[in-house]
Amino acid sequence: MQALEKLLVDTPLTTTRRSVVVVHGLGGIGKTQLAVEFARRHQGQFSAIFWLDGSSEASLKQSFVDMAQRLPRSELTADSVQKLSQATVEAEVAVRECQQWLSMPSNSRWLLIIDNVDRDHRDRDDSQAYDVKAYFPDADQGSVLITSRLARLQRLGSGIKVGTVAAEQARAILENSAGREVEDANIVLELLHGLPLALTQAGSYMRETNVSAATYAKHYNSTWGRLMKKQERFPLEEYGDRSVLTTWTISYEQVRKQSDEAACLLKLWGFLDNGEVWYELMAACKDLAAKTDIPTWLLEIAEDELEFGEAIGLLSRYSLVEGQEGTESHSMHSVLHRWCGHLADEEEQHELGCLAVGLVASNVPLKSDVEFWRKRKRIMAHGLQVSGWIVGA
């Protein structure tokens, strides 16, 4: 919030250059809620605020149609008033009229919020993907706030990455959704690791079913998939009825269309630990190739660091994974990691589980290896993860 205020509020009233801020991060991390709260707090500091649905090009155009009906007729030309008074206003007309109004020299303190711009316009197979910049007004004025999972949109202006919330705020979200003080809330907070959507969904489920934190945690650990589906019976209005099971699907589908290798890597990751994945961990498959069949997609990723970087970079662009500072490894959120473990069908699960076991076994260092203890510590979490799968299988 402070970063948003610095970029969009603490600017001189006389400034004429447009401010563009892209709030980006993992789906369910609270980007939309942050934008809502910002607009609520600072509505008096803008001459007008418009909220546009950027989830698809069709939704965005319809938002412009709705926006056009709110434009003050006294500030429009007679021709514009006539066009917007038609029983049905064409989307292109609405977009053009809105852009012209936003470009008026006397109208420079507006705020345009474009929410959920999650489709990459470079994906030619996605008919609803679009270049959001094409919908900016011509005049270099006003403020634009975009929420997106696409980190690359930062090139449009200033970027603010939204991360997980701290323990105190996580407890507040959980208890507010549960409608009560939650005894032993830490049990649930440790599982959901500060992800607002998961916390809100868990709290709503606990309120509707009146289960305790301990019971919720038991279901989460033993029957995750079934628990998530049952939670979907209690839609979350503030999240547009999105749930943990659906919120990352659009990003995954876009990744899959662009790269089978990256999509399969995400599935395999569900059988490893979420904390740290690096190139050498995957490259170990080349040693296994002489003993067992290794899928082509993994061999392609493991070919060299450039190929691995391309796959992991695609996942990063959609905020599904993030780089670990000071290392060349990547991690993912623990709840997202649970979801990845359910992406594969039954046949794939056995294959991926065995593959994960082989990769971990091949990365166990010998005592004579340089930096033996560091390497051992690094692979330990993955060892615990695959041993748990072996016992469960």
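Partly exposed residues are those whose relative accessible area lies between the buried limit, under 20%, and the exposed limit, over 50%. The legends below describe close-up views of a predicted model.

**View 1. A salt bridge within helix H12 joins Glu-253 and Arg-256.** Arg-256 has a relative accessible area of 36% and is therefore partly exposed. Its partner Glu-253 is also classed as partly exposed, at 28% relative accessibility. The closest N and O atoms of the two residues are 2.5 Å apart. Both residues belong to helix H12 (residues 249-258), where they are three residues apart, about one turn of the helix.

**View 2. Domain 1 and domain 3 meet at an interface.** The protein chain is divided into domain 1 (1-161), domain 2 (167-238) and domain 3 (259-392). The contact between domain 1 and domain 3 involves ten residues of domain 1 and eight residues of domain 3. Between the centres of these two domains, taken over C-alpha atoms, the distance is 39 Å. About 680 Å² of area is buried between them, and carbon and sulfur atoms contribute 55% of this area. On the side of domain 1, Leu-26, Arg-149 and Lys-161 account for 51% of the area buried against domain 3, more than any other three residues.

**View 3. Lys-161 and Glu-322 form a salt bridge.** The N to O distance between the two side chains is 2.5 Å. One salt bridge is found across the interface of domain 1 and domain 3. Three residue pairs are in polar contact between these domains. The side of domain 1 that touches domain 3 comprises three nonpolar, one polar and six charged residues.

**View 4. Arg-17 and Asp-140 pair across a separation of 123 residues in sequence.** In this salt bridge, the N to O distance is 3.7 Å. Arg-17 is located in the loop between helix H1 (2-8) and strand E1 (19-24), and Asp-140 in the loop between strand E3 (110-115) and strand E4 (143-148), so the pair ties together parts that are 123 residues apart in sequence. Arg-17 is exposed, with a relative accessible area of 65%, whereas Asp-140 is partly exposed at 40%. The model contains 17 salt bridges by the rule applied.

**View 5. Further salt bridges are formed by other charged side chains.** Side chains of opposite charge can pair when their charged atoms come close. Glu-371 and Arg-374 are joined by a salt bridge, with an N to O distance of 3.3 Å. Glu-371 is partly exposed at 46% relative accessibility, and Arg-374 is partly exposed at 42%. Elsewhere, a network of salt bridges links Glu-5, Glu-37, Arg-40 and Arg-41.

**View 6. Asn-210 has a positive phi in a loop.** Most residues other than glycine have a negative phi. For Asn-210, by contrast, phi is near 60°. Asn-210 is placed in the loop between helix H8 (196-209) and helix H9 (213-222). With 60% relative accessibility, Asn-210 counts as exposed.

**View 7. Ser-319 also has a positive phi.** The phi value of Ser-319 is near 60°. This residue occupies the loop between helix H17 (305-317) and strand E6 (322-323). Ser-319 has a relative accessible area of 12% and is therefore buried.

**View 8. Helix H13 is largely enclosed by the rest of the structure.** Of the ten residues in helix H13 (residues 260-269), eight are buried, which is why the helix is described as largely enclosed. The buried residues are Ala-262, Ala-263, Cys-264, Leu-265, Leu-266, Lys-267, Leu-268 and Trp-269.

**View 9. Ser-63 is a buried residue of helix H3.** Helix H3 spans residues 57-68 and includes Ser-63. The relative accessibility of Ser-63 is 10%, so the residue counts as buried. Apart from its neighbours within four places in sequence, Ser-63 is in contact with Leu-52 and Asp-53.

**View 10. Arg-376 lies 6.3 Å from Pro-365, C-alpha to C-alpha.** In sequence, Arg-376 and Pro-365 are eleven residues apart. Arg-376 is part of helix H20 (residues 372-392). At 34% relative accessibility, Arg-376 is partly exposed.

Key:
Residues numbered from 1 in each chain as written. Predicted model: local features only at pLDDT ≥ 70, side-chain atom pairs only at ≥ 80, totals over all residues. Heavy atoms only, no water. Domains from an automatic or database assignment. Contact = heavy atoms within 4.5 Å. Buried area = accessible area lost by both parts, 1.4 Å probe. Salt bridge = Lys/Arg side-chain N within 4 Å of Asp/Glu carboxyl O. Polar contact = N/O pair within 3.5 Å; in protein donor to acceptor, adjacent residues only side chain to side chain. Nonpolar A, V, L, I, M, F, W, Y, C, P; charged D, E, K, R; others polar. Helix = DSSP H or I, 4+ residues; strand = E, 2+ residues; numbered from the N terminus. Buried < 20%, exposed > 50% of the residue type's maximum accessible area, 1.4 Å probe, protein only.
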